[in-house]
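Work through the exercises below with the sequence and the structure in view. Each task is followed by a solution in steps.

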Amino acid sequence: TVSVYQMLRGSAIVFVALLKQFVLKDVLKRYMWVGIALNVLSIVLVGFTAMMIDASNAAAAGTDTATAAAAGDNAMLGVVLILLGAF
C-alpha cells in the first residue's frame, strides 16, 4: 500500500548516513547512530507487517497454503524493490 511505500522510503536516511560515515569519512555522533537504529527498527517492523498482512489476507480469502505463501513472497519482493529504489 501507499503507506508502506512511504515508510520504507525512509530507508534513504539510513543509506545516506552509512555513505556519510564510510565514503565521506565524516564521523557520526552517538545520538545519530541511535536515530539510525530506530529508523532501521521501524523499517523492519513495517516491512515485516506488510508481508504478514498480505499472507493473512490471502489465507482469510480461503486460498490454499501455497497461494498464501506466494502472497507473502510478493510482498517481500515489493519491500526489497522499494528499499533498492531508496538507495
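**Exercise 1: Gln21 and its surroundings**

Gln21 counts as buried, because its relative accessibility is 17%; buried means under 20% relative accessible area, exposed over 50% and partly exposed in between, with a 1.4 Å probe and protein chains only. The model is a predicted one, in which local features need pLDDT of at least 70, side-chain atom pairs count only at pLDDT 80 or more, and totals for chains, interfaces and linings use all residues. Residues are numbered from 1 along each chain as its sequence is written, and side-chain values use heavy atoms, with hydrogens and water left out.

Task: Find the element that holds Gln21, and list the residues in contact with Gln21, leaving aside its neighbours within four places in sequence.

Solution.
- Step 1. Gln21 belongs to helix 2. Helices (H or I, at least four residues) and strands (E, at least two) are DSSP runs, numbered from the N terminus.
- Step 2. Apart from neighbours within four places in sequence, Gln21 has Asp26, Val27, Leu28 and Trp33 in contact, where contact means heavy atoms within 4.5 Å.
- Step 3. For Leu28 there is a further detail: the Gln21 side chain reaches its backbone nitrogen at 3.0 Å.

**Exercise 2: Helix 2**

Task: State which residues of helix 2 are buried, and how they are placed around the axis of helix 2.

Solution.
- Step 1. The buried residues of helix 2 are Ser11, Val14, Ala17 and Gln21.
- Step 2. Viewed down the helix 2 axis, these buried residues fall within an arc of 115°, so they line one face of the helix. The arc is that of the directions from the helix axis to the C-beta atoms.

**Exercise 3: The nonpolar core**

Task: Identify the residues of the largest nonpolar core and the helices that supply at least two residues each.

Solution.
- Step 1. A nonpolar core is a set of buried Ala, Val, Leu, Ile, Met, Phe, Trp, Tyr and Cys residues joined through side-chain atoms within 4.5 Å.
- Step 2. The largest one has 11 residues: Val4, Leu8, Val14, Ala17, Leu28, Ile36, Ile43, Val46, Ala50, Val79 and Ile82.
- Step 3. At least two residues come from each of helix 1 (2-9), helix 2 (11-22), helix 3 (30-60) and helix 4 (65-86). Helix 3 gives the most, with 4 residues.
- Step 4. Ile82 is in contact with Tyr5, Leu8 and Arg9, leaving aside its neighbours within four places in sequence.

**Exercise 4: Lys25 and Asn39**

Task: Decide for Lys25 and for Asn39 whether the residue is buried or exposed.

Solution.
- Step 1. Lys25 sits in the loop between helix 2 and helix 3. With a relative accessible area of 64%, Lys25 is exposed. Although not a glycine, Lys25 has a positive phi of about 60°.
- Step 2. Asn39 lies in helix 3 and is buried, with a relative accessible area of 13%. Leaving aside neighbours within four places in sequence, Asn39 is in contact with Gly10, Ile13 and Val14.

**Exercise 5: The whole chain**

Task: Give the secondary structure of the protein chain and its percentage of buried residues.

Solution.
- Step 1. The protein chain has 4 helices and 0 strands, in the order α-α-α-α from the N terminus on.
- Step 2. Of its 87 residues, 28% are buried.

How values were computed. A polar contact is a pair of N or O atoms within 3.5 Å; within protein, one must be able to donate a hydrogen and the other to accept it, and residues adjacent in sequence count only if both atoms are side-chain atoms.
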